[in-house]
Amino acid sequence: MPELKVLFSREQISQRVGELAAEISRDFAGESVIFIGVLKGATIFLSDLARQVSVDATFDFIGVSSYGNGKQSSGEVKLTKDVDQPLTGKNIILVEDILDTGLTMMYLRKMFLAHGPKSLKVAALLDKACRRTQPVQADYVGFVIPDEFVIGYGMDYAERYRNLADICVLHPDSEEAVNAKAAANHESVGANK
Ligand code: IMP
């Protein structure tokens, strides 16, 4: 197990997710929403958020992966799993674990708007605002964080650590943290998010 620092404890996460759920419940009072989670990182956030809203809700999931050319992220996002239903006239809430450069969100926003939804909102548990290269922002943000590689509560490093109950940061000098940072900056990022 690498050295981990807790960035947000399970109690802090639970409280903030409850606040976001209350906001969503207020904004969509009397309406139905469809939560669309981005696999796999957003699954735990989605399940906690959806269980705390008081509006009529359904779920769907979408899969994406990003590719780089080995030196730089290409910004190319590829759909690996589409939604299972028509979205025309629906209130979509796209649920992401982390809004980083914004490339994934730009791609997904464009794709979902083409379905002709009634509304499209974005809920991101974490926002690395300082890393953004695209003009996108989330409507519901859990926490704004600095440029650190985080794991836990659904988020992975090389598919591991998704099951940690707290959101943690790998010790900056650990081999995993160094590799993760290099991957985020230079190589293929987020394949199998
Ligand atoms: P974007 O397209 O650059 O905004 O990438 C967002 C995606 O990158 C997130 O949905 C995550 O899958 C992944 N990601 C970015 N930063 C981290 C991190 O610190 N830990 C784990 N995954 C991350």
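**View 1. L4 of strand 1 stands opposite L170 in strand 9.** The model shown here is predicted. Strand 1 covers residues 4-8. Strand 1 and strand 9 run antiparallel and are joined by 4 bridges. Both belong to an open sheet of 3 strands, in the order 1-9-8, with antiparallel pairing. Strand 1 and strand 8 (150-151) are the edges of this sheet, each pairing on one side only.

**View 2. The whole chain holds 4 helices and 9 strands.** Along the sequence, the elements follow the pattern β-α-β-α-β-β-β-α-β-β-β-β-α. The chain has 193 residues, and 47% of them are buried. Take the contacts between residues at least 6 apart in sequence: 67% of these join residues at least 24 apart.

**View 3. Strand 5 pairs with strand 2 and with strand 6.** Strand 2 and strand 5 are parallel, with 4 bridges between them. G37 has V95 of strand 5 as its bridge partner. Strand 5 and strand 6 also run parallel, joined by 8 bridges. Here L94 has V122 of strand 6 as its bridge partner. From strand 5 the chain passes through helix 3 to strand 6, a right-handed β-α-β crossover. How many of the residues of strand 5 are buried? The count is 9 of 9. In a regular strand, side chains alternate between the two faces of the sheet.

**View 4. Helix 3 (residues 103-113) has its buried residues on one face.** The buried residues are T104, M105, L108, M111 and F112. Down the axis of helix 3, they fall within an arc of 130°, so they line one face of the helix. An α-helix has 3.6 residues a turn, so residues three or four places apart point the same way.

**View 5. Helix 2 also has its buried residues on one side.** F45, L46, L49 and A50 are buried in helix 2. They cover an arc of only 120° around the axis, which puts them on the same side of helix 2. F45 touches V17, L20, V95, E96, A123, A124, L125 and Y153, leaving aside residues up to four places away in sequence.

**View 6. The largest nonpolar core has 30 residues.** Which members touch the most others? They are F35, F45, L49, L126 and I167. At least two core residues come from each of helix 1 (10-27), strand 2 (32-39), helix 2 (43-52), strand 5 (91-99), strand 6 (119-127), strand 7 (140-144) and strand 9 (167-170). Helix 1 gives the largest share, 5 residues. A second core, separate from this one, has 20 residues, including I36, L94, A124 and V136.

**View 7. Two cysteines, C130 and C168, sit in contrasting surroundings.** Is C130 buried or exposed? C130 has a relative accessible area of 57% and is exposed. C168 is buried, at 5% relative accessibility. The disulfide count is 0.

**View 8. S65 is placed in strand 3 (residues 56-68).** S65 has a relative accessible area of 4%, so this residue falls under the 20% limit and is buried. E76 is 11 residues from S65 in sequence. The two C-alpha atoms are 8.5 Å apart in space.

**View 9. A cis peptide bond joins L39 and K40.** Its omega is about -10°. K40 belongs to the loop between strand 2 and helix 2. Most peptide bonds are trans, and most residues other than glycine have a negative phi.

**View 10. A158 and E159 both have a positive phi without being glycine.** The phi of A158 is about 50°. For E159, phi is about 75°. Where does A158 lie? A158 is in the loop between strand 8 and strand 9. E159 is in the loop between strand 8 and strand 9 too. A158 is exposed, at 57% relative accessibility. E159, with a relative accessible area of 34%, is partly exposed.

Technical notes: Residues are numbered from 1 along each chain as its sequence is written. This is a predicted model: local features need pLDDT of at least 70, side-chain atom pairs count only at pLDDT 80 or more; totals for chains, interfaces and linings use all residues. Side-chain values use heavy atoms; hydrogens and water are left out. Buried means under 20% relative accessible area, exposed over 50%, partly exposed in between (1.4 Å probe, protein chains only). The arc is that of the directions from the helix axis to the C-beta atoms. A nonpolar core is a set of buried Ala, Val, Leu, Ile, Met, Phe, Trp, Tyr and Cys residues joined through side-chain atoms within 4.5 Å. Contact means heavy atoms within 4.5 Å. A disulfide is a pair of cysteine sulfur atoms within 2.5 Å. Two strands pair if DSSP finds at least two bridges between them. A crossover is right-handed if, with the strands pointing away from the viewer, the path from the first strand over the helix to the second runs clockwise.
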